[in-house]
Amino acid sequence: MKKYPYIHTVKKDAYKKIVNGFVPSSVYIALDKGNKDCIVNPGDVVKEGQRIGGTAYSSIPGIVEKRELKNMPDGKIGEVVKISLRGQFSYLGKIIKEHDYKAYSPAILIRMIEDYGLMNTFISDDPVSLAKEMKEVAHHRHRLLIVRLVDDDPSRLIDSVLSTTYSGQICKGIEIAAFMINADGVILVTDKKTDYRSSFDAISVPHCMLRIDEKMFPSTYAVEICHAVKKTFKEKPFDSICKYDLYMDASTVLELYRSISKNMPVIDRYILVNGDCLPATGIIKVAVGTTFESIAEQCGGFLKTPQSIIVNGTITGFSAGSLSVPVTRYVKSITFNSASKTPVQTGTQSFCLRCGNCHRACPVHLSPDIIVRHLSGGAAASADFISSSTFCIACGLCNSVCPARIPLMQIISAGKNISSDSSDMGAKNG
């Protein structure tokens, strides 16, 4: 476990408060992938928080301009609905009364967040439906809720700041989540310095705190948390922890609280905006659908031309290829880096340079280049190398240090379940 030169850590005390972003003149609301059931047309008037199709909701009141294809934060192309600002807000600036969530059954609450399209961003590069995960966990005999109050990526601190700034709301969100899955216990994953005890003592479900060393990476993935809990806590119900329990981050818990208690869809996001290209950085609450360019303008514009735009952290995030990319429900941070803060990489994916960076970076001591070369039909590797791929924890460190920009982690993950017949085929092709 090390620190690496290409991972730019952020100091937690660098951000003292969270500010509200400007209301954009227009937003681009991403439609659900594979769902073409858009229920609005150009010229329609929509309200703030109105459903426009699937689990997509307008984040501002306005006029529907058009539907178009646009680059997404994960590097893919998606369909969006452009809405221009006009009319009165339904939520912004209003005092919204809290609802008693216990007046509803867990099944109704799960259906509510399913309609609202809440995403669980515990794994930031692979967000999933929170409702779907809750339905699966509800069938287990023993159910634990694990909430990470720190960040899994040392270059991003959004969850750490939200946990201290909105500890009261997150505490209520934890209570709601525990009620929805009928949890036997709650495990809070925290750092060693911050004292959360006074903030989360009000949790009525049996709970404990797992304090981890943030300087050790990875230490907050599900596998690492499981190992640490089993090593630290021997009493029930915490000793029954497994990878099939419900794992959530502070961002998701906060969204759950707001959706259930305020009865509102996800129409805005708390985002860390930083990078050496900007004159000012910070954590901003922005409307879903706001473009990256608009967010940069709110920070004072660019001092330097961005060489890279990283979404959701240097290690676990994506590379966005355009300033016109809109904020979606899974964006947690945006980093605008100049050439001096960007690893020296070729413009496009190239052949392996055999530099050895991936060997040195791998926290479980694999040889990603050798495994990938075999899986890609190149030089055959021994059975020991191929079987070692099952130990890959998908942390993404190999990707972050690869100068050839080879998607090492993704190839290894896809080849984990490769059969012995496929291995023989790969050896023959080599």
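Contact here means heavy atoms within 4.5 Å. The model is predicted: local features need pLDDT of at least 70, side-chain atom pairs count only at pLDDT 80 or more, and totals for chains, interfaces and linings use all residues. Residues are numbered from 1 along each chain as its sequence is written, and side-chain values use heavy atoms, with hydrogens and water left out.

**Exercise 1. Place aspartate 74 and list its contacts beyond four places in sequence.**

Solution.
- Step 1: locate the residue. Aspartate 74 sits in the loop between β6 (62–71) and β7 (77–85). Strands (E, at least two residues) and helices (H or I, at least four) are DSSP runs, numbered from the N terminus.
- Step 2: classify its exposure. Buried means under 20% relative accessible area, exposed over 50%, and partly exposed in between, using a 1.4 Å probe and protein chains only. Aspartate 74 has a relative accessible area of 15%, so it is buried.
- Step 3: find a polar contact. That term covers a pair of N or O atoms within 3.5 Å; within protein, one must be able to donate a hydrogen and the other to accept it, and residues adjacent in sequence count only if both atoms are side-chain atoms. The side chain of aspartate 74 reaches the backbone nitrogen of lysine 76 at 3.1 Å.
- Step 4: leave aside neighbours within four places in sequence. Aspartate 74 then touches Lys33, Phe318 and Tyr330.

**Exercise 2. Find the buried residues of helix α1 and say what they pack against.**

Solution.
- Step 1: list them. In α1 (residues 106–116), Leu109, Ile110, Met112, Ile113 and Tyr116 are buried.
- Step 2: check their directions. They lie on the same side of α1, because they cover an arc of only 155° around the axis. The arc is that of the directions from the helix axis to the C-beta atoms.
- Step 3: recall the helix geometry. An α-helix has 3.6 residues a turn, so residues three or four places apart point the same way.
- Step 4: name the partners. The buried residues of α1 pack against β5 (56–57), α2 (130–137), α4 (167–181) and α7 (250–262).
- Step 5: look past the end. Just after α1, glycine 117 takes a positive phi of about 70°.

**Exercise 3. Is aspartate 115 of α1 buried, partly exposed or exposed?**

Solution.
- Step 1: read the area. Aspartate 115 has a relative accessible area of 36%, so it is partly exposed.
- Step 2: list contacts, leaving aside neighbours within four places in sequence. These are Arg51, Thr55 and Tyr57.
- Step 3: take one pair. Aspartate 115 and arginine 51 are 64 residues apart along the chain, and their C-alpha atoms are separated by 9.5 Å.

**Exercise 4. Describe how α1 packs with α2, and α3 with α7.**

Solution.
- Step 1: set the conventions. Axes are lines fitted to C-alpha atoms, for helices over the stretch in contact, and angles run from 0 to 180 degrees between N-to-C directions. Under 35 degrees counts as roughly parallel, over 145 as roughly antiparallel, 65 to 115 as roughly perpendicular, and the rest as oblique.
- Step 2: take α1 and α2. Their angle is about 150°, with axes 8 Å apart. The two helices are therefore roughly antiparallel.
- Step 3: name the residues. Ile110, Ile113 and Glu114 in α1 meet Leu130, Ala131, Met134 and Lys135 in α2.
- Step 4: take α3 (residues 158–165) and α7. Their angle is about 45°, with axes 8 Å apart. That makes α3 oblique to α7.
- Step 5: name the residues. Ile158, Asp159, Leu162 and Ser163 in α3 meet Ala250, Ser251 and Leu254 in α7.

**Exercise 5. Characterise the surroundings of serine 163.**

Solution.
- Step 1: read its exposure. Serine 163 is buried, because its relative accessibility is 0%.
- Step 2: find a polar partner. A polar atom of its side chain lies 3.0 Å from the backbone oxygen of leucine 149.
- Step 3: leave aside neighbours within four places in sequence. Serine 163 is in contact with Leu149, Ile170, Tyr196, Phe200 and Ala250.

**Exercise 6. Which backbone features do asparagine 312 and proline 237 show?**

Solution.
- Step 1: recall the background. Most residues other than glycine have a negative phi, and most peptide bonds are trans.
- Step 2: take asparagine 312. Its phi is positive, about 70°, although it is not a glycine. Asparagine 312 lies in the loop between β16 (308–311) and β17 (318–320).
- Step 3: take proline 237. A cis peptide bond joins lysine 236 to proline 237, with omega about 0°. Proline 237 is in the loop between α6 and β13.
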